[in-house]
Amino acid sequence: MNKKNIPVSYFEEKIETMPHEDLNILMLERLKKTLKYVYQNVPFYKEKFDDAGVNANIDLIKNMKDLQNFPFTFKSDLVNNYPFGLFSSPLTDIVRIHASSGTTAKPIIASYTKKDLKVWADLMSRVFYACGLNKNDIAQNAYGYGLFTGGLGFHYGAENIGMTVVPMSSGFTERQFAMMKDIGVTALFCTPSYALFLSEELPKYIEDVSKLKLKKGIFGAEPWSNELRIKIENLLNIDAYDIYGLSELIGPGVAFECEYKSGLHINEDNFYPEIIDPKTGDILPEGELGELVLTNLNQEAMPLIRYRTRDITSLNREKCKCGRTFARMKKIKGRTDDMIIIKGVNVFPSQIESVIFDFDFLEPVYMIELYTDNLLDRINILIETKAEIYNIGDKKLDEITSMLQYKIHELIGIKSKVTIVPPKTLERSQGKSKRIKDLRKKL
Ligand code: DLL
C-alpha cells in the first residue's frame, strides 16, 4: 500500500523493483550481448564500430558508462539505410512492421520479431499496472491504428493483462461518446490533444460527465504540460498519466508514470538512457537538462545503439516512492527541432502552453507563428478566449493581451506579440498537434 492507500501493483515486480546493483549487472550483460549482436549482424554498425575503433572494447566494458565511447546513431542513419539496412534479424523472422511519417521524406521503419512483440506487450502491461488498471477495466483505445505504433502498442499490452479493449482509433466523436457511455469504458488512451478535444466536445453528447465511468487516461506521443493535465483531469473527471516512447526504439512503453507522477520510469532493463549536451555530445551530470539518448538492450529485430532522440529532459536515479528502481525522466520539455531560438533565447512551446492553460477564460489551444520584422525573428502567439469574454469587447481583450504578453515575457525572457482570435477558429488536433507555424523569410 502507498500513502494514498492504493495497493501498488507491478507487472514484473522482481525487475521493476530490482536493487540498483542487480539491475546494473542485468543491463551490462544485455548491453554487451546487444553490441556484439549488432556488430555481427548489421554492416552499418560493423563499419561504425570499426571506424571508431571500439569493437575490441566490447568485452572490456566494466560499467554502463563505458557505452559513451561508442558512436551515436542518428535519425539520418535510419533514413539513409531505409528500409531494411539496420535490421539485425532476417526478414523471415520479422512478423510486424510499423512506420512513423516524421518530418523527412522517407518514413522511419520499426520492426519486430515474435519475441519483440511479446516484450513490447509486457512493457505496456507494466504501464497499465503502474497506473492502477487491470483486467477489470474496459479501455477505449483512441490512438491511431495502423502504421502508427500507438494503436497496436496499447491494444496488445492491454489484452496481455486481460483488459477489455475497444479499438476505436480517433475521429467519429459521437461514436466515441456512445461507446464510452454504453459499454462503461473506464480508461481512455489517446494523445493529450485528442483528450482535450474530446473534453471540449463532451457537453454536446453527454449531459454530465458523471454519466460516464471513465476513471483513468494514458496520454502521450507529444509534449504536454502539467497545466494541460489538470485541465483534462477536471473536464473528464479522470486521473491522467503520461507515457513516452518512439517508433525507432519500440513505440509506446519506453517510459511511464506511476501513481506518484514524479517523473516517467524508464524501462531500463530494455532501454539504457543517457543525457547529453546536444551540441557537444558530452554526457551531462545527473539532473541536468539535455537530449535523451537511448540504447536498446533487449531487442532482436532492430536494436539501436545510442540513438539521438532529440527529446529534451533530465534524469533522476533515486528510487521512487512506488518502489520502482528504474531511472526517471522529467516530462519531455520539447524536441531539439521544436525549440525556437529567438534573440539567442531557447523557447519551447510547452513553456508558452503552461502560461495559457493556467487561465480558465482562455480556450486551451494556441498557435505560435514565427515571422520576420526588420530582419529580426519574432513570435506571434495566437490565442482564443472563451466566447463570453470575446464578446465583452475590445477594451477587455486589450487588457487580456497585455497581461498575457507580460506573463509570457516574464517566463521566457523575451517579448512576444499576443493576438486574440475568435473562439473555435484555431485547428483542434485528433492526433499529434502542430503548435508552430514558421512564416519567416528565408534569406
Ligand atoms: O509517438 C509512440 C507513442 C505512442 C508514445 C503513443 C506514446 C503514446 P513516434 O510517432 O515515433 O512514436 O514519435 C516519437 O514523439 O521522440 C517524442 O518527440 C514524442 N513523444 C512521444 N511520447 C511523448 C511524451 C510515438 N509522453 C516522438 N511526451 C518522440 C512528449 C513525446 N513527447
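In this predicted model, the side chain of Arg96 and the side chain of His98 are joined by a polar contact of 3.0 Å. Arg96 itself is placed in strand β1, a strand that spans residues 94-100. Although Arg96 is buried, no salt bridge is formed by this residue, and the nearest side chain of opposite charge, that of Glu159, lies 9.0 Å away, whereas a salt bridge would require the charged atoms to be within 4 Å. When residues up to four places away in sequence are left aside, the residues touched by Arg96 are Ala110, Ser111, Tyr112, Leu117, Trp120, Leu152 and Tyr156.

At the surface, a nonpolar patch is formed by Phe84, Leu91 and Ile97, which together present about 260 Å² of accessible area. Of these patch residues, Leu91 is located in the loop that runs between helix α4, residues 75-80, and strand β1. Leu91 is classed as partly exposed because its relative accessible area is 47%, a value that falls between the limits of 20% for buried and 50% for exposed residues.

A further position considered here is Asp394, which belongs to helix α12, a segment covering residues 394-412. Asp394 is classed as exposed because its relative accessible area amounts to 60%, and the limit for this class is set at over 50%. With respect to Phe128, from which Asp394 is 266 residues apart along the chain, the separation between the two C-alpha atoms is 48 Å.

Note on methods: Residues numbered from 1 in each chain as written. Predicted model: local features only at pLDDT ≥ 70, side-chain atom pairs only at ≥ 80, totals over all residues. Heavy atoms only, no water. Patch = residues over 30% accessible without salt bridge, like charges linked within 9 Å, V, L, I, M, F, W, Y side chains within 5 Å. Areas by Shrake-Rupley, 256 points an atom, 1.4 Å probe, with all protein chains shown as cover. Helix = DSSP H or I, 4+ residues; strand = E, 2+ residues; numbered from the N terminus. Buried < 20%, exposed > 50% of the residue type's maximum accessible area, 1.4 Å probe, protein only. Lys, Arg positive; Asp, Glu negative; His and termini not counted. Polar contact = N/O pair within 3.5 Å; in protein donor to acceptor, adjacent residues only side chain to side chain. Contact = heavy atoms within 4.5 Å.
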